[in-house]
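Student: Hi! I'm new to this one and would like a friendly walk through it. Can we pull it up together?

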Amino acid sequence: LRLRGCSGGGGRGARLVFSCSASSSSSREGGFSGKVGFLGLGIMGAPMASNLIKAGCDVTVWNRTKSKCDPLISLGAKYEPSPADVASSCDVTFAMLADPESAVEVACGANGAAEGMAPGKGYVDVSTVDAATSKLIGKHITSTGASFLEAPVSGSKKPAEDGLLIFLTAGDESLYNRVAPLLDVMGKSRFFLGDVGNGADMKLVVNMVMGSMMVSFSEGLLLSEKVGLDPNTLVEVISQGAISAPMFSLKGPSMVKAAYPTAFPLKHQQKDLRLALALAESVSQSIPTVAAANELYKAAKSLGLADQDFSAVIEALKAKEQNK
Ligand SMILES: NC(=O)C1=CN([C@@H]2O[C@H](COP(=O)(O)OP(=O)(O)OC[C@H]3O[C@@H](n4cnc5c(N)ncnc54)[C@H](OP(=O)(O)O)[C@@H]3O)[C@@H](O)[C@H]2O)C=CC1
Ligand SMILES: O=CCCC(=O)O
């Protein structure tokens with residue numbers, strides 16, 4: 001298998017590519033030889049940037065809390081003191097921020113990435129935001145002559161560490177082709193979905209399904225226990241049937257033990273449900289299951305569980321039972 005990625009490094013071989021339009025195989029097959037910026041080194045950003053460094057990319061990092069840059073610097077990353085400095089010193093800059101507010105601030109605020117952008121450069125926002133936010137960021141970036149791609153990811157902490165994310169991209173197709181070797185270092189597949197906003201919408205639809213599934217699973221775990229069944233057996237039964245999902249097998253055993261080691265923070269899942277509800281509202285679609293799930297995540301946040309894994313939503317159900 002031919003390795004792809006940065007010059008001198010490489011991804012881990014064959015990758016799946018899904019595209020609404022033909023993409024340039026020559027840029028896909030070639031490596032990426034420019035400098036790569038990475039803004040936002042949280043649960044997802046740190047392993048993604050780390051994989052780029054390990055693949056041989058010339059990476060420059062920035063994070064609001066500077067100490068989170070240190071492990072990346074130890075791996076060989078350079079550091080710049082602001083998003084604008086990263087953008088001006090790099091050919092392509094990735095951003096992995098918490099929510100719409102932080103994504104806009106880092107891209108468009110004072111000393112934001114847009115200030116360092118220029119023709120020939122690219123900005124790839126991999127944060128989960130709504131389409132309007134993505135379009136706003138895209139407008140700021142492209143007004144400098146630079147190119148913009150939104151590329152939110154499906155897959156959590158472990159897939160980020162293992163370079164097995166799924167990229168849901170939209171925007172500038174030539175930037176998509178240019179950064180494809182980098183996406184292939186960080187992910188196992190990539191979709192190009194057309195205009196800016198389509199990647200954001202796809203990501204919100206996927207995550208609203210996930211958030212509702214987790215609530216339904218939590219209800220099942222609690223009910224099984226209440227009627228005298230072993231919830232561990234429920235997890236095993238589900239894993240062998242038609243509703244088997246990696247998420248249930250992965251999170252079920254620790255949920256039974258009331259342990260919620262954070263892979264996907266609950267506050268981000270609730271943010272995604274909030275944004276999905278607004279998306280549905282924009283086309284007058286009713287999504288009552290998601291609306292009910294959202295209320296439970298909000299209740300979990302008010303119980304102080306915002307930074308726990310989103311599977312901690314089961315604690316909000318337990319609290320409801322106790323307060324009956
Ligand atoms: N965790 C997961 O499983 C997945 C998460 N996502 C999405 O990816 C994004 C990042 O998630 P994740 O890494 O888990 O989140 P984290 O909360 O771990 O990291 C959030 C990042 O955003 C930064 N940030 C927050 N607010 C600001 C601000 N006002 N200005 C500048 N930087 C800010 C944080 O900086 P600081 O370190 O200073 O706080 C940190 O770098 C989210 O949009 C999330 O929905 C997508 C797929 C999976
Ligand atoms: O946005 C978070 C998604 C988590 C996952 O896909 O497992």
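Student: Which helix gives the largest share of the shell around ligand 1?
Tutor: Helix H5, residues 100–108, does, with three residues in that shell. Keep in mind as we go that this is a predicted model.

Student: Okay, and which residues come nearest to ligand 1?
Tutor: Out of 26 residues around ligand 1, the nearest are Gly42, Arg64, Ser102, Ser156 and Phe264.

Student: How does that shell divide into nonpolar, polar and charged residues?
Tutor: Around ligand 1 there are eleven nonpolar, ten polar and five charged residues.

Student: What about ligand 2, which residues surround that?
Tutor: Thr128, Ser154, Gly155, Ser156, Asn207 and Phe264 do. You've met Ser156 and Phe264 already, as they are also among the residues that come nearest to ligand 1.

Student: And how many charged residues are in the shell around ligand 2?
Tutor: There are no charged residues there; the shell has five polar residues and one nonpolar.

Student: New topic: which domains does UniProt place here, and where?
Tutor: An unreviewed UniProt entry annotates residues 35–193 as "6-phosphogluconate dehydrogenase NADP-binding". The annotation "3-hydroxyisobutyrate dehydrogenase-like NAD-binding", also from an unreviewed entry, covers residues 197–316.

Student: How much helix and strand is in each span?
Tutor: Residues 35–193 are 40% helix and 25% strand, and the end C-alpha atoms of that span lie 26 Å apart. Residues 197–316 are 72% helix and 0% strand, with their end C-alpha atoms 33 Å apart.

Student: I keep looking at H9. How many residues does H9 have, and how far does it reach?
Tutor: H9 runs over residues 198–226, which is 29 residues. From first C-alpha to last, H9 reaches 42 Å, close to the 42 Å expected at 1.5 Å a residue.

Student: What does Gly228 do just after H9?
Tutor: Gly228 takes a positive phi there, of about 90 degrees.

Student: At what angle do H9 and H13 pack?
Tutor: About 65 degrees, with the axes of H9 and H13 (residues 288–302) 9 Å apart. That angle makes H9 roughly perpendicular to H13. Their crossing is left-handed.

Student: And how do H9 and H11 pack?
Tutor: H9 packs with H11, residues 246–256, at about 45 degrees, and their axes are 11 Å apart. The two helices are therefore oblique to each other.

Student: Is the crossing of H9 and H11 left-handed or right-handed?
Tutor: H9 passes H11 in a right-handed crossing.

Methods. Residues are numbered from 1 along each chain as its sequence is written. Chains are lettered from A and ligands numbered from 1 in the order in which they are written. This is a predicted model: local features need pLDDT of at least 70, side-chain atom pairs count only at pLDDT 80 or more; totals for chains, interfaces and linings use all residues. A residue is near a molecule or strand if its C-beta atom, placed from the backbone, lies within 6 Å of it. Ala, Val, Leu, Ile, Met, Phe, Trp, Tyr, Cys and Pro count as nonpolar, Asp, Glu, Lys and Arg as charged, and the others, Gly among them, as polar. Helices (H or I, at least four residues) and strands (E, at least two) are DSSP runs, numbered from the N terminus. The expected span of a helix is 1.5 Å times one less than its number of residues. UniProt positions are given in the numbering used here, feature names are shortened, and annotations may be inferred rather than shown by experiment. Axes are lines fitted to C-alpha atoms, for helices over the stretch in contact, and angles run from 0 to 180 degrees between N-to-C directions. Angles under 35 degrees count as roughly parallel, over 145 as roughly antiparallel, 65 to 115 as roughly perpendicular and the rest as oblique. A crossing is left-handed if the near helix is turned anticlockwise from the far one by less than a right angle, and right-handed if clockwise.
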